[in-house]
Amino acid sequence: MTSLSRERLYLGGAWVPPDSAERIEVENPYTEEVIGHVPAGTAEDVNLAVSAARQAFDDWAGLAAAERGAALDRLHGALATRAGEIARVVGLELGTPLKIAQVVQAGLPLTVLRGYADLAAAGTAEETIGNSLIAREPIGVVGAITPWNYPLHQVVAKVGAALAAGCTVVLKPSELTPLVAYLLADAAEEAGLPAGVLNIVTGTGAVVGAAIAGHPNVDMVSFTGSTATGRAISHAAADRIAKVSLELGGKSANVILEDADLAKAVKVGVGNAFLNSGQTCTAWTRMLVHRSVYDEAVELAAKTASGYTLGDPFDAGTRLGPLASATQRDRVRGFVERAQGRLVAGGPDAPLPATGHFVAATVFADVHPDSELAQEEIFGPVLSIIPFGDDDEAVTIANNSKYGLAGAVWGGDEHALAVARRIRTGAVDVNGGSFNPFAPFGGYKQSGIGRELGRYGLEEFQQVKAIQR
Ligand code: NAD
């Protein structure tokens, strides 16, 4: 296999040698072999990237909407020609099964970027309130810090929106999955994106991430990842009153009412909980089921989970890939070993492939709503099933979480919609309503601040100015 290693950083429109000779090795979580390395960036690399972004800002912000739209259209085109490579690289560095990677790891970010090219071209209309003209202006230099679970989607959700708004960007991708970000840099170069508009510094969170979050010339930090890191970034940005937007964890409830299509609700619910081996912030990891259909739901969920094939992400039959790293696997196994529910599928002793950071598709029934299993974001293929007696109890359990990211309700259409309105989360899917990549995405409570995707995502990167006449 040709090496996936990268020796340079993409700064100011050029491939620049890093400040330090230190490298970060990238592991294939299925074979457990090193597949390449990238530079371990430093604070000095971040300084260069921020200077380049600052220098590029006025021209990029000043472009006419049609020109910025055309540049993003070229970026989308260059990235689209790499769709196959994106799915392959994410399969290698993260372990997402290829068939799923093609749709969610490659297809979704392309759809999102297409949308941002269109929004950039349309421009932002000014508004009049009395004697005031209300203008929206780009916020400035954006620091984007992203995780590994949807490594290109999370990058594009920030970079696409920020660039469309007229901001320039310094991106730090996750050190677990930095290789796919290089494909975006390749596309930016091919598309002739102006120098300094997009800069990429690979490295660790403690060094590069912290340098971006605390940099005096970064006007806004957009972060996706754990709540603990989000808190640290907020503190760093608070010192200079810089804006942050945070997409953090979740512990979403899938509420199955007594009048739901049970078979569909359970099957789709298990699929959602285990998508990307459960490494999805919106995963419906708590299945709440009305007592009248509870036993049947537990049986169906256990049967569905037991049918999930674990294995090589590049085998067509694989439904569940490995977890992203040995650390993640050990963390998830810890939750499974400490779990207090009734194990009905998978578990610590289930058979696993010979190599790879696997955890079996695991289902616990009779989970207490206050237990660790029902409260903490596990980020692995572990589903908790919890019974409820009526709508009020279902809503109380669903809202009994420090998180508030997503969720689902299944039942008669009006009944399910009424329950969905009572759930304190940024999104709720009713009766299998599909993910909308242009609808606002983000969390209540400790799931975050701000929204990504579509027009709402773009507006996060704008300031609002009132001009009185
Ligand atoms: P993390 O929050 O540590 O890492 C996310 C990004 O932040 C990475 O790019 C990392 O390098 C960077 N980072 C880390 N420390 C930083 C710091 N002090 N300053 C600035 N940047 C920093 O997440 P993780 O360790 O990759 O995963 C841990 C847990 O986070 C997971 O088990 C999961 O529960 C949660 N998580 C949530 C999401 C989500 O989409 N909500 C995504 C990934 C992980």
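The following legends describe close-up views of the ligand and its surroundings in a predicted model.

**View 1. The ligand sits in a pocket of the protein.** The pocket that holds the ligand is the second largest. Residues from domain 1 (9-248 + 447-468) and from domain 2 (253-436) both contribute to the shell around the ligand, and the ligand therefore lies between the two domains.

**View 2. A shell of 25 residues surrounds the ligand.** The closest of these residues are Thr146, Trp148, Glu175, Ser226 and Leu248. By residue type, the shell consists of nine nonpolar, twelve polar and four charged residues.

**View 3. Oxygen atoms of the ligand lie within a few ångströms of N or O atoms of Trp148, Lys172 and Gly205.** In the side chain of Trp148, an N or O atom is 2.5 Å from an oxygen atom of the ligand. For the side chain of Lys172, the corresponding distance from an N or O atom to a ligand oxygen atom is 2.9 Å. Gly205 contributes through its backbone, where an N or O atom is placed 3.2 Å from an oxygen atom of the ligand. The ligand taken alone exposes 810 Å², and the protein buries 84% of that area.

**View 4. Helices and a strand contribute to the shell around the ligand.** Two or more residues come from each of helix 7 (205-213), strand 10 (220-224), helix 8 (227-238) and helix 11 (326-338). Helix 7 provides the largest share of the shell, with three residues.

Methods: Residues are numbered from 1 along each chain as its sequence is written. This is a predicted model: local features need pLDDT of at least 70, side-chain atom pairs count only at pLDDT 80 or more; totals for chains, interfaces and linings use all residues. Side-chain values use heavy atoms; hydrogens and water are left out. A residue is near a molecule or strand if one of its heavy atoms lies within 4 Å of it. A polar contact is a pair of N or O atoms within 3.5 Å; within protein, one must be able to donate a hydrogen and the other to accept it, and residues adjacent in sequence count only if both atoms are side-chain atoms. Accessible areas come from the Shrake-Rupley method with a 1.4 Å probe; for residues, only the protein chains shown count as cover. On a 1 Å grid over the protein atoms alone, a cavity is a set of points where a 1.4 Å probe fits but cannot get out, and a pocket is an open set with protein on both sides within 12 Å along at least five of seven lines; lining residues have an atom within 4 Å of a point. A molecule sits in a cavity or pocket if more than half of its atoms lie within 2 Å of its grid points. Helices (H or I, at least four residues) and strands (E, at least two) are DSSP runs, numbered from the N terminus. Ala, Val, Leu, Ile, Met, Phe, Trp, Tyr, Cys and Pro count as nonpolar, Asp, Glu, Lys and Arg as charged, and the others, Gly among them, as polar. Domain bounds come from an automatic or database domain assignment.
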